[in-house]
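Subject: Handover of a structure and the findings so far

Dear colleague,

Please find below the structure that I am handing over to you. A summary of what was found in it follows.

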Amino acid sequence: MAEISVILPDGSTRTISSGATAGDLAADIGPGLAKAALIATVDDVEVDLSSPLADGQQVSIITADSDAGLETLRHSTAHVLAQAVLEMYPGATYAVGPPIEDGFYYDFDLPDGATISDDDLEAIENRMREIIEADQPFERHEVSAAEGLELFADHPYKREIIETVAMAPDADADVGGQSADELADEVAGDGQISYYRNSDSFIDLCRGPHVPSTGRLGYFKLMSVAGAYWRRDSGRPSLQRIYGTAWASRKDLAGHLHRLAEAEKRDHRRLARELDLLSWPTELGPGLAVWHPKGAAVRRIIEDYSRDRHDEAGYQSVVTPHIARSELWETSGHLDFYRESMYPPMELDGASYHLKPMNCPFHVLIFKSSQRSYRDLPIRLFELGTVYRYELSGAVHGLMRIRGFTQDDSHIFATREQAPAEIASLVAFVLSVLRAFGFDSFEARLATRPLEKSIGEDAEWELATEALRDALEASGLEYELDEGGGAFYGPKIDIDVRDAIGRSWQLSTLQVDFQLPERFGLEYVGSDGNRHRPVMIHRALMGAIERFFGVLIEHCSGAFPAWLAPVQAAILPVAATHGDYAAEVEARLRQDGFRAEVSDAQEPLGRRIRAAKLQKLPYVLVVGDDDVAHGTVGVNARGTDGDERGVPLEDFAARLADEVEAHR
RNA sequence: GCCCGAGUAGCUCAGUCGGCAGAGCAGCUGUCUUGUAAACAGCAGGUCGCAGGUUCGAUUCCUGUCUCGGGCUCCA
């Protein structure tokens, strides 16, 4: 029997019989691998295990241990979902169903505008389990696009995919927002299409690969139903999207569901209410919040800290109004390029005014208010500037997406020569401040010129983008490219932080801008006595105080570190007779600027301790007879079991001071 | 803005197949005076999101609207 040899990932070669498949290779290597194998890569192309191998190929067997394996698992589970739905809802048709982070989704169009509700998910799940139980093989077939159109004659979305991708690969990829590239995930391309059959009645257009059979799946759960537009286009039909999660083992699935439950407990909207930090009265309208005393107390500490750091770093604080004449926004370009995010104009005394969506034009005017010399540069203006953006009503979300918010905004006016060093030091400054709040994991994106809606010369965009890229390279920060994601006036670096449970949130943004200085005619006098145009760097560090606060709440799960906690210590007299001493302790702590509160002895001690603990206070201090006699407190620290009795008050104050100083 | 879903006491949620609306927690009052995560009793609290419609009668059914949630799009 003829033999071939293939190269394994470790560089070794392995001889197998001619005509063997990737699955045969896995079995040849070992029964454990055969059992775990889902797909293979052959010369870096993902293929089914049923693919025959050829001599000299580099072959790697993929299991659910890898991202590629897990993605396949999820993709195949999505197919099973489609099979179940099509069986259960006669006349239904299906669109696309890719793997996504932690799971998958599939889009459906049901006949006569029927809908799927959350209550239906269980029945669909049950049908999926039957399909998995039946262990149906995923069989790959390749046919011409024309045959594909016939096969999917009753499924217009599938036909559209074939027509878009397989029959006209050069079609305008931009139509409808979902590019042909993305749809190409579904098929093989080059005039051929591939589809998978896993029962007499079910086929699906798909590029593959898939797990060998449905029996390899099983650790999944359907999560929710949502609407989604066909090809992400609000002008096209709205489909029913079912989201699910899928994992390699029962344990992984349970772990994921546990993480979701934990995330829900951290939800800043829930904690904001439970800890009495802020609320969103419906009377105000969507996306508008009011800060209660405790939330405002934390915010003030955050803002004070921010101001101090900016002072140290050579910024000058400025203050600007919330509205300005429309002419300003015409000059800046906002009305041309940002209008849809702006509140509509107010007509006053024959003039038109807009609420500000950004602070930059105001800072530009401050720069422009006097003649500037190169000796003055860089000029760093800083403002906690409140802006208003008309976010789509469906987009507002707690503090994370809100219509009125305050940016820790700064605009730096520098010479072209100064800009690169300034940007590099800005990145360091941003990270340093974020670290002070307990964030230590960052990701950056370099966003380049948008295809539509942007102003300026390509050469300037290129220059600005390079300056940002250099700063990122110098910072050692990992970053990815966001093609076309820049602001209308310039490219930007966005910095995301990862929170305590691994989710990332966009906070900082840093943008290089040659356009606004041009539009407003900004100048400085150089050492050569000539007038030059400065470069402007826009920078929001925490981004929006509101979002930052929301992220911070979720990061620390509402248990603010002592330096931020709205109440650092609750003082609980054991009985009413200890009330006077409790008041003394409170006064002593307040004298050092600590935030302490007495909880009177009207209720049993256990109940008051519980109440304080539920508020996640750093310290609960219990004072009774012994403490009155010796000037001590009983210290019950957050996150510890039990308590320390008889701690001298001064020792406790010193300890708290250390903690606040260290931002622990 | 679009799709789907949901709005019942401050909070979490029952309930009404159309016939005077319920619990727990929180709140208030009283009793208890407490040493480390829920004392006891009582009281009060609701135009069942809002506006129309159908009906003898609507919190319940229908329509519209507002708000919220999950997505889509967008974004600090």
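How far does a polar side-chain atom of Glu391 lie from a base nitrogen of RNA strand B? The distance is 2.8 Å. Please bear in mind throughout that this is a predicted model.

Contacts with the RNA

Two further residues have similar entries. In Arg401, a polar side-chain atom lies 2.2 Å from a base oxygen of RNA strand B. In Arg610, a polar side-chain atom lies 2.4 Å from a base nitrogen of RNA strand B. Several elements each give two or more residues to the surface near the RNA, among them strand S12 (219-229), strand S13 (238-247), helix H9 (268-274) and helix H19 (605-614). The largest share, seven residues, comes from H19.

In total, 56 residues surround RNA strand B, and those that come nearest are Tyr229, Arg401, Ala601, Arg607 and Arg610. Of the atoms of RNA strand B that come within 4 Å of the protein, 49% belong to sugar and phosphate. By residue type, the surface near the RNA divides into 20 nonpolar, 18 polar and 18 charged residues.

Salt bridges

Side chains of opposite charge can pair when their charged atoms come close. A search of the whole structure finds 37 salt bridges, and three of them are described here.

The first to mention joins the side chains of Arg503 and Glu554, with an N to O distance of 3.0 Å. Arg503 lies in the loop between strand S25 (492-498) and S26, whereas Glu554 belongs to helix H17 (residues 545-556), so this pair ties together parts that are 51 residues apart in sequence. Glu554 counts as buried because its relative accessible area is 5%, while Arg503, at 23%, is partly exposed.

Another salt bridge is formed by the side chains of Arg588 and Glu650, at 2.7 Å from N to O. Arg588 sits in helix H18 (residues 579-591) and Glu650 in helix H21 (residues 649-661), so the pair links parts that are 62 residues apart in sequence. Here Arg588 is buried, with a relative accessible area of 17%, and Glu650 is partly exposed at 44% relative accessibility. Shared partners also join salt bridges into one network, made up of Arg445, Lys492, Asp494 and Asp496.

Within that network, the side chains of Asp494 and Lys492 meet at 3.4 Å, N to O. Is this pair buried or exposed? Asp494 is buried, with 4% relative accessibility, and Lys492 is buried as well, with a relative accessible area of 15%.

Nonpolar residues

Ile323, Met346 and Leu348 make a nonpolar surface patch of about 210 Å². Leu348 is found in strand S18 (residues 346-348), and its relative accessibility of 40% is why Leu348 counts as partly exposed.

Ile61, in strand S5 (residues 59-63), is buried, since its relative accessibility is 14%. Its C-alpha lies 8.8 Å from that of Val42, and the two residues are 19 apart in sequence.

Yours sincerely,

A colleague

Notes
Residues are numbered from 1 along each chain as its sequence is written. Chains are lettered from A and ligands numbered from 1 in the order in which they are written. This is a predicted model: local features need pLDDT of at least 70, side-chain atom pairs count only at pLDDT 80 or more; totals for chains, interfaces and linings use all residues. Side-chain values use heavy atoms; hydrogens and water are left out. A residue is near a molecule or strand if one of its heavy atoms lies within 4 Å of it. A polar contact is a pair of N or O atoms within 3.5 Å; within protein, one must be able to donate a hydrogen and the other to accept it, and residues adjacent in sequence count only if both atoms are side-chain atoms. Helices (H or I, at least four residues) and strands (E, at least two) are DSSP runs, numbered from the N terminus. Ala, Val, Leu, Ile, Met, Phe, Trp, Tyr, Cys and Pro count as nonpolar, Asp, Glu, Lys and Arg as charged, and the others, Gly among them, as polar. Patches are made of residues with over 30% relative accessible area and no salt bridge: like charges are joined within 9 Å, nonpolar side chains (Val, Leu, Ile, Met, Phe, Trp, Tyr) within 5 Å. Accessible areas come from the Shrake-Rupley method with a 1.4 Å probe; for residues, only the protein chains shown count as cover. A salt bridge is a side-chain nitrogen of Lys or Arg within 4 Å of a carboxyl oxygen of Asp or Glu. Buried means under 20% relative accessible area, exposed over 50%, partly exposed in between (1.4 Å probe, protein chains only).
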